[in-house]
Amino acid sequence: SRACCGMDKDDARNAVYKSLVSDARQQAAAIGGFPQEWDAQLIVQCDDTADGHKLVVFNPVFLMPYFGDAQTMDAALLYVMLKLDRICMHHKYAFVYCCMGMDYVCADLVKRLRLAIDVLHTRYARNLMKFLILHATVAARAISWTFMPVASKRSAAKIAYVSTVRDLCRLVYGPEDQALGAKLRRRLPLPTLRLDAAWTKEPPPVVFGMPLRHLCLHYGVELVDRRTGRYYPCLPPGVVSICETLLRESDASDFAALFEQDRGDDMYYLAEALDQGMPLSRDVPCSSLWCALKVFVDSLPQPLLTFQGFDELRARRIRRGQRAEMRELLMEVFRTSMPIEHACTALYIAEFLRQVCKQFAVDDTNPFSRSASFEAARRGRSVESKAIIGRRRSEAAAVASAEDLKAAVSAGTAPRAAATFAPGFLRPRAMDAESAALVPVIAECVEVLMSNAAEPAYWAAIHSSWPPLRAAWTPTAAALASAAAAGH
């Protein structure tokens with residue numbers, strides 16, 4: 001407030017905004033970044049509008065698990081401001097607000113929406129071309145009316161309510177550009193598409209048991225992995241949330257309890273949440289998330305490495321211990337017979353398993369891993385508490401020798417994780433005695449993929465094999481912006 005003395009109202013507001021953005025960057029650096037699934041869900045940048053303006057989609061439904069957690073809601077506000085700062089401060093833009101039937105009874109959300117309006121830079125209002133509210137309820141309209149007196153007249157005149165996704169696509173891209181309309185529809189979250197189906201009296205989309213190509217083509221998400229810098233153009237909804245949560249919060253005991261506990265109620269909830277694309281409750285134990293990930297992968301009509309991959313494995317008569325032959329087989333499968341959505345999902349899950357097994361090994365050698373403070377942080381609800389985990393693991397990785405760490409991973413959790421998820425990667429169309437004898441070989445083959453998932457050769461094979469598909473899945477500006485934000 002002292003720094004703003006002597007300024008007019010707009011200059012003081014802009015000074016407060018710049019201070020908040022600076023604080024957001026410092027906090028992001030202090031905690032090692034915000035939750036990575038927010039990049040794919042919370043704020044999404046789509047293809048430019050027909051008028052050449054940037055298009056931003058905001059999905060507050062994914063903040064529901066954090067209602068009541070003031071620290072994480074504050075972190076989410078800072079994350080949103082950082083994302084918007086790179087777009088709205090420098091470009092003309094259209095903003096889509098997906099209501100998702102939310103009635104905004106949560107004081108945490110309403111308070112932060114009001115705060116955002118109060119402190120946003122005046123350049124936001126100048127650059128705003130359209131503010132489109134999708135699926136607005138009566139309560140949502142009432143909340144927007146209460147915000148109008150504090151918003152500028154110029155911004156209030158640009159607010160429009162849109163009833164269906166089809167109307168949104170026509171309004172943004174025009175009725176003649178159906179291709180861009182289809183891409184915008186794919187970038188909208190699954191809960192929004194299910195609500196739209198209810199409004200238009202169409203069958204609602206579901207996830208479990210659907211072909212992977214259908215999931216990725218119609219409801220898939222894009223992600224730039226900050227850990228590896230890899231861009232995944234098409235991943236099934238829900239998988240990113242599960243994997244990122246497990247990477248932050250899971251330990252070896254959660255994975256060990258995968259088949260040792262009765263978790264019927266948790267699984268009924270998780271199956272329904274994943275089928276509807278809803279955000280996952282933070283009260284569900286990590287062992288149930290492991291189970292949900294396995295159930296999802298095993299329920300795919302075709303395994304991640306396709307039935308052709310299993311046929312090739314059997315035709316080559318590869319045996320246990322022949323890892324060079326397994327790697328050659330995997331490269332051939334990626335190069336010749338795998339659809340791009342299967343390749344991206346297989347590499348993402350394999351890299352996730354490699355990362356989480358590495359973390360398990362670090363935690364086992366970490367002298368702080370059994371302390372009360374570490375356990376409290378690991379189970380903590382706030383984003384800030386997750387920073388303790390990252391620091392502990394970094395300290396342990398610096399102390400533990402590379403040889404000991406590699407031995408712990410290869411001799412411990414990695415083979416078990418590969419055996420657990422092997423049916424989701426490779427399996428026959430129908431099980432027979434010869435196929436059953438190959439189960440240990442399949443598990444070792446998955447372990448080879450886990451250890452080599454970050455190799456550029458897999459990605460070179462993908463990008464050089466399917467030029468038409470590669471053009472269809474061109475990285476959007478959102479992914480490139482996320483990559484730049486991550487420093488890749």
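Where is T49 found? T49 sits in the loop between strand 1 and strand 2. That loop is a handy way into this structure, which is a predicted model, and a few points on the rest follow.

1. **Overall make-up.** The chain has 27 helices against 7 strands. Of its 488 residues, 53% count as buried. The accessible surface adds up to about 21,200 Å², with 57% of that belonging to carbon and sulfur atoms. If you look at contacts with a separation of 6 or more, 79% of them are between residues 24 or more positions apart.

2. **T49 and its contacts.** Back to the loop. T49 counts as buried because its relative accessibility is 11%, and buried means under 20%. Once neighbours within four places in sequence are set aside, T49 is in contact with K54, L55, A94, V172 and Y173. V172 is the one to click on if you want a long jump along the chain: T49 and V172 are 123 residues apart in sequence, yet their C-alpha atoms are 5.5 Å apart in space.

3. **H53, in that loop too.** H53 is found between strand 1 (43–46) and strand 2 (54–58). Is H53 buried or exposed? With 16% relative accessibility, H53 counts as buried, since the cut-off for that label is under 20%. Not counting residues up to four places away in sequence, H53 touches D48, K92, Y93 and M129. Keep K92 in mind for the next point.

4. **A positive patch.** K92 also turns up on the surface, where K18, K92, R123 and R126 gather in a patch of positive charge. Of these, K18 is found in helix 1, which covers residues 9–30. K18 has a relative accessible area of 54%, so it counts as exposed, the threshold being over 50%. If you are setting up electrostatics, these are the four residues to colour.

5. **R25 and D85.** The whole structure holds 22 salt bridges by the search used here. One of them joins the side chains of R25 and D85, at 3.4 Å from N to O. R25 lies in helix 1 and D85 in helix 3 (residues 70–88), so the pair ties together parts that are 60 residues apart in sequence. The two ends have different labels: R25 is partly exposed at 47% relative accessible area, whereas D85 counts as buried at 10%.

6. **R282 and D69.** How far apart are the closest N and O atoms of the salt bridge that R282 forms with D69? They are 2.9 Å apart. R282 lies in the loop between helix 14 (264–276) and helix 15 (286–298), while D69 lies in the loop between strand 2 and helix 3, so this pair ties together parts that are 213 residues apart in sequence. R282 is partly exposed, with a relative accessible area of 22%, and D69 counts as buried at 9% relative accessibility.

7. **R227 and E244.** Here the salt bridge has its closest N and O atoms 3.0 Å apart. R227 lies in the loop between strand 6 (221–224) and strand 7 (231–235), and E244 lies in helix 12 (residues 239–249), so the parts tied together are 17 residues apart in sequence. R227 counts as partly exposed, at 37% relative accessibility. E244 is buried, with a relative accessible area of 3%.

8. **A salt-bridge network.** Which residues are linked in a network of salt bridges? R186, R187 and E222 are. Worth displaying that trio together rather than as separate pairs.

9. **W290.** Last stop is helix 15, where W290 lies. W290 counts as buried because its relative accessibility is 1%, and the label needs under 20%. Its contacts, not counting residues up to four places away in sequence, are L246, S250, D254, F255, L258, F352, L353, V356, F360 and F421. For another C-alpha distance, try W290 and A256: they are 34 residues apart along the chain, and their C-alpha atoms are separated by 9.8 Å.

Technical notes: Residues are numbered from 1 along each chain as its sequence is written. This is a predicted model: local features need pLDDT of at least 70, side-chain atom pairs count only at pLDDT 80 or more; totals for chains, interfaces and linings use all residues. Side-chain values use heavy atoms; hydrogens and water are left out. Patches are made of residues with over 30% relative accessible area and no salt bridge: like charges are joined within 9 Å, nonpolar side chains (Val, Leu, Ile, Met, Phe, Trp, Tyr) within 5 Å. Accessible areas come from the Shrake-Rupley method with a 1.4 Å probe; for residues, only the protein chains shown count as cover. Lys and Arg count as positive and Asp and Glu as negative; His and the chain ends are not counted. The place of a charge is taken as NZ of Lys, CZ of Arg, CG of Asp or CD of Glu. Helices (H or I, at least four residues) and strands (E, at least two) are DSSP runs, numbered from the N terminus. Buried means under 20% relative accessible area, exposed over 50%, partly exposed in between (1.4 Å probe, protein chains only). Contact means heavy atoms within 4.5 Å.
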